[in-house]
Each structure stands twice: as C-alpha cells, then as structure tokens.
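The following explanation is intended to be read alongside the sequence and the coordinates. Please keep both in view while proceeding through the paragraphs.

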Amino acid sequence: MVFQKPPDGGWGWVIVVVSFFTQFLCYGSPLAVGVLYLEWLDAFGEGKGKTAWVGSLANGIGLLASPVCSICVSSFGARPVAIFSGFMVAGGLMMSSFAPNIYFLYISYGIVVGLGCGLLYTATVTITCHYFDKRRGLALGLISTGSSVGLFIYAALQRELIDLYGLDGCLLIVGALSLNILACGSLMRPLESSYSPPPEKTCVDKVPDQYFVYHEKEKTVEENISILEKGYVDEKCANNMPDYKQDSILNKNVLSSINVNEKDTYKKKVVEQTNFCKQLAKRKWQLYLNYWEETMVLFKNKVFAALFVAILLFDIGVFPPSLLMEDVARSANINEDDYRMPLISIIGIMTAVGKLTLGTLADFEWVNTLYLYVTTLLMTGVALFAIPFAKSYLTLAMLSGILGFLTGNWSIFPYVTTKTVGIEKLTHAYGILMFFAGLGNSLGPPIVGWFYDWTQEYDIAFYFSGFCVLLGGFLLLLAALPCWNACTNQSSKLPPNTYSYKVASSA
C-alpha cells in the first residue's frame, strides 16, 4: 500500500480541528479530575492514597497501553478507533455516575476512560502525521493544546456542574458531552492510497514467494484432473457410440488415477504446510529477538538510559499537583471566597502556553533541546519544594502557573528523544519512554496520597516529589555533559529501525 504525498493543508486542517476537539473532549475530565477527587473523598470516605488511584489510572493507563493502542490504529485505522473510543470515554464517564464504591471507579473511570483516551491520542496523532509533513510540528503542536485547553475549561465546568446537579449529574453531563467525539471521529477521513491491490487477492498473496511451493503443486494437480476429464469427454464424443462397458472401464481408470494423485498431493501438502508454518514461526521469532536486541542497544546509550529514569521520576513527581492542588488549598485552610480561578485551570492554561513557547524555542538552531529539557526538570523540582511554604491562594496560583508552564516540556520531549537515539530509532525509543511515563503517572498521586495518610500533611509528600524530579534532572545532566556528542554520533551509526507500525488506509 502506497499512500499519497501528505497535502500539508486542505482536508488536513479539518483533521487538525477535529483532533483538537477530540483531545479537548476526552482529556478534559481526566486531567481536571482534581475537582472530582474532592467529591470522591467526601462521598466514599476512603484514604487519599486509595482515592488518588482513580485519577492516576485514568491518566496513566493510556500511556501504559500505548503499544496496544498503536496496534489497534495500525489494524483498523484512525476513524473506526476514534469512534469506538468515543463510546468508551462517554460510557465510562456515565457509568462512573452510578459507582457504589471506589473500586467500581477504578474500572469505569480509571481503566475504561483511560484506555479510551489512549486510543484517541494515538488515533489523532497518527492521522495528523499522515496529512502533514513540512508543517507536521505546527499541526501536532496545535492538537496537543486541546488537552491543555480542556483542563482549563473542564476544571471550572465540573465545579459548576457539581454545584448545580451534584457529582452524579456532573458525570452524566460530561459523559454526554464526550459523545461529540463520535462526530469528530467520523470526519477523520483516511488519506487515500495511490495504489490498491485487486479485490480478488487474499491475505495469503502477501506471503513471500518462497512459501508458495505447495500452492503451485496444488494448481498442477487440479490441471491434471481437468486434462484427464477433458480427454475422456473428447474420446467419448469421437466414438459417438453408447458403449457402456468401455465407459465404465474408462471411468474407473480415471477415478483411480485421480484418487492416487489426490492422496499423494494431500501428503505433500501436509508436509509443505508444516514446513511453511515452521519457517513463518521461525521468522516471527527472529523478529522478536531482533526487537529485544534493539532495545538492549538503546539502553547501552547512557543518555537514553538516563532519559528513561528522568521521565519516570518526572511523572512520579509532577503529576500529583494537577490532581491534588485543590485539596492542598483546602488543607491549607484557604477561604473559598479568595478563589478567583480554580488552581487546576491555571495549570491547564499555562501548560498550553508552555507547550507553544518551549516548542518554539526548540526550533532555534542555537538552542540545545537536551539542556533546555534538563533546565525545565530542575526548575520543576524547585517549584515542587516551594509548595509546602505556600499558605495563600496567590502563592499557590503562582506556583500552579509555573508548574503548568514547565509541564509544557512535553512538546520538546520528542526532540530530545530524536537527538538522543536518532530519527531511525525514534518510534522504538519513544514507545518505551511513554510506557515508563505512564507508569510514573499511575504511581505518583497514590504515593503522595499515602504520604498524607501517614503524616496528615502534604509537606513531606511534595518534598518527595521535588526530590524525584531533581534526581532525574541531575542524572540526565550528568549523563549528557561529558558524552552528549559521543552519544549522538553513536546513535547515528545504529542499524535502522524496522519496528514502526503502518496505519490502515481505509476505515
């Protein structure tokens, strides 16, 4: 299958708009789950650590399942995956309104909604990359702000809906809004292919020629049978006389020769099919071995190994504020009348600003994206250490804005990965790093919640978060300073990666 050249415009801008709204609708509630977190604490009376699992699963499960999401989009295409995932997100949110306990929310909100968001993220990024080449960075930057804008709006929206209709009504309305993902997904028209195979070909035709031995022999047997039958009919017509004895003898001879040939052919086909299966299994096994060999080669790169530790520690430390900042303000006895804007909304809008600003800086030739990324990590660690000292709404709002802006370093993370392993290894390396990012997202809020349950305050919890982020930043800086050039030169010599997925061309 050969795809058309990316148009870098045209219907591609429609794809950008619908992908923006798709991420807005699917990630709005999970990213602004801190508002719901307070209500779940009061409704179920569970500990903060146990309750925090709901939001952490919703945001981490999509990254953890990124290989499965990629395979689904590769097999079925972006449009059907987006439509199916829209039902998952909407259904999970509506089911959560009937949750009798916190464990039900682990399934309905954490896993169902989280997996739907992961599928939608993969679908939107994939379809956008197919429509854009030269303007791909701009297009991806625009759709990635959809989640940040969703966080900004949904934080205030969910609080207002809770005041008007209660927690259950809020989840039902938000779930109904998510059904608009179906309309967005229906507009994700796949890029047409410039060549399509004949309809009569089957999947077997895609197997390499060396595995077609038994197919050719089977065809030869069928031709022999047809020749025998044709000869028999011609001879009968030539004689033009009803000799039943001769007809019976000739018919027996033909049938016996056919039966003998069929038995021999059947035995040969069994042997050849067995050999075919063995060769195919051996080939697939070799591909898996090569995949893990490539993975081990990646981890021999010191910068990549440090980057994997840094992204894990960063997500453990930086995700809890977006989930727990509202509870931090309540624990600090800040008067609700002082609230001019939800703290989570401030994080969301500043994350969008950070993505655009840091992404623009990364395009300058004089900016080293690795050092820029390390700088954001170190500044994030310092900001987390300052949270326990914030005792007013103004200081918490300032820290929320700083953390949101620095969290926008997600926009330069692909640049850093490319610089570290090379463009040939980007798909392989990025999938591994996203898995550990999802692991950090899943573990961070429960760990902070357990610290609060243990000490009845957030001070030690955020000291721990800041320490994790600073540790990851210093490890990455230590690995980058002495051998940055050596590692980048070494990565360019690595064998090319062949483990990228192909997206289906039609839905």
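The discussion begins with the chain as a whole and then turns to individual helices and residues.

The model is a predicted one. Its protein chain contains 17 helices and two strands. Of the 507 residues in the chain, 48% are buried. The surface exposed by the chain amounts to about 25100 Å², and carbon and sulfur atoms supply 64% of that area. Among contacts in the chain with a separation of 6 or more, 85% are between residues 24 or more positions apart.

Helix 12, which covers residues 343-362, includes Lys355. Lys355 is buried yet takes part in no salt bridge. The nearest side chain of opposite charge belongs to Asp315, 11 Å away. Because a salt bridge requires the nitrogen and the carboxyl oxygen to be within 4 Å, the separation of 11 Å between Lys355 and Asp315 does not qualify. Which side chain, then, makes a polar contact with that of Lys355? The partner is Ser147, at 3.5 Å. Once neighbours within four places in sequence are set aside, the residues in contact with Lys355 are Ser144, Ser147, Ser148, Gly408 and Ser411.

Ile346 is also found in helix 12. Its relative accessible area is 12%, so Ile346 counts as buried. When residues up to four places away in sequence are not counted, Ile346 touches Met341, Tyr393, Ala397, Ser400 and Gly401. One of these, Ser400, is 54 residues from Ile346 in sequence, while the C-alpha atoms of the two are 6.3 Å apart in space.

Helix 13 runs over residues 369-386. At its start, a side-chain oxygen of Asn368 comes to within 3.0 Å of the backbone nitrogen of Leu370. The length of helix 13 can be checked against expectation: at 1.5 Å a residue, its 18 residues should span 26 Å. The C-alpha atoms at its ends are 26 Å apart, and therefore the two values agree. The buried residues of helix 13 include Leu370, Leu372, Tyr373, Val374, Leu377 and Leu384. Thr369, Thr376, Thr380, Gly381 and Ala383 are buried as well.

Thr380 merits separate attention within helix 13. Is Thr380 buried or exposed? Its relative accessibility is 0%, and it therefore counts as buried. Beyond residues up to four places away in sequence, Thr380 touches Phe314, Val318, Leu403, Leu406 and Val469.

Further along the chain, Gln456 lies in the loop between helix 16 (426-455) and helix 17 (459-492). The phi angle of Gln456 is near 60°, a positive value in a residue other than glycine. Most residues other than glycine have a negative phi. Gln456 has a relative accessibility of 52% and so counts as exposed, the cut-off for that class being over 50%.

The final topic is charge pairing. How many salt bridges does the structure hold? There is one. Glu46 forms this salt bridge with Lys50, and the closest N and O atoms are 3.5 Å apart. Glu46 has a relative accessibility of 28% and therefore counts as partly exposed. Lys50, at 29% relative accessibility, is likewise partly exposed. Lys355, by contrast, is buried and has no salt bridge.

Key:
Residues are numbered from 1 along each chain as its sequence is written. This is a predicted model: local features need pLDDT of at least 70, side-chain atom pairs count only at pLDDT 80 or more; totals for chains, interfaces and linings use all residues. Side-chain values use heavy atoms; hydrogens and water are left out. Helices (H or I, at least four residues) and strands (E, at least two) are DSSP runs, numbered from the N terminus. Buried means under 20% relative accessible area, exposed over 50%, partly exposed in between (1.4 Å probe, protein chains only). Lys and Arg count as positive and Asp and Glu as negative; His and the chain ends are not counted. A polar contact is a pair of N or O atoms within 3.5 Å; within protein, one must be able to donate a hydrogen and the other to accept it, and residues adjacent in sequence count only if both atoms are side-chain atoms. Contact means heavy atoms within 4.5 Å. The expected span of a helix is 1.5 Å times one less than its number of residues. Accessible areas come from the Shrake-Rupley method with a 1.4 Å probe; for residues, only the protein chains shown count as cover.
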